[in-house]
Amino acid sequence: MQTLVACPLTAEAFSPFGDVIAAGATPHRLINEGKCGRFHDLARIDCAEGAVGLNVFRATAYTPPLRPRLVERHPLGSQAFMPLSPDPFLVLVAEDANGIPGTLHAFVTLAGQGVNYHRNTWHGVLTPLVSQDFLVVDYVGPHQNLEEHIFKDPPEIRLPN
């Protein structure tokens, strides 16, 4: 059995798989007569066709030991997840290896971070460490936008201390 230690989520480490969504310290500009900071264009939503939908997912917490069996990818559009609370969630991603997931990478988000998975990026299912709601932006259209892979011997994910 493979063991994978989850790392803190950083924009640099996650860049091959997508975008880290986080407001940061300083807004790009002030709007609404200076009463609102706009953190602009934090993730590029990419759809091959169809449209972009805005959803809320209510997710139940996963508890260690974590042995994720299922990963998925979306060929027609990127998929963004932004928690509606400051609680962390696990992000599991893999490169594509000729149509199946390759090397796995695990990250744990910091408060205020979300992710946008690039189109065709293998990723774990939504894995909150505390039950919480997520704002989800993804493809909505007439075509199937889901491919799944089930691991026969799923890795164990260890969370940082």
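On a 1 Å grid over the protein atoms alone, a cavity is a set of points where a 1.4 Å probe fits but cannot get out, and a lining residue has an atom within 4 Å of a point. Good morning. The model before us is predicted, so local features need pLDDT of at least 70 and side-chain atom pairs pLDDT 80 or more, whereas totals for chains, interfaces and linings use all residues. Residues are numbered from 1 along each chain as its sequence is written, and side-chain values use heavy atoms, without hydrogens and water.

Let us begin with the enclosed spaces. There are two cavities of 30 Å³ or more, where a volume is the space filled by probe spheres set on points joined across faces, edges and corners. The largest holds about 40 Å³. Its lining consists of Phe81, Phe89, Leu90, Val115, Tyr117, His123, Gly124, Val125, Leu126 and Thr127. Two or more of these residues come from each of β9 (89-97), β11 (114-117) and β12 (122-124), strands being DSSP runs of E with at least two residues, numbered from the N terminus.

I turn now to the pockets. A pocket is an open set of points with protein on both sides within 12 Å along at least five of seven lines. The largest pocket contains about 220 Å³. Which strand gives the most to its lining? That is β8, with three residues. The lining has 11 nonpolar residues, and no polar or charged ones; here Ala, Val, Leu, Ile, Met, Phe, Trp, Tyr, Cys and Pro count as nonpolar, Asp, Glu, Lys and Arg as charged, and the others, Gly among them, as polar.

Technical notes: Helix = DSSP H or I, 4+ residues; strand = E, 2+ residues; numbered from the N terminus.
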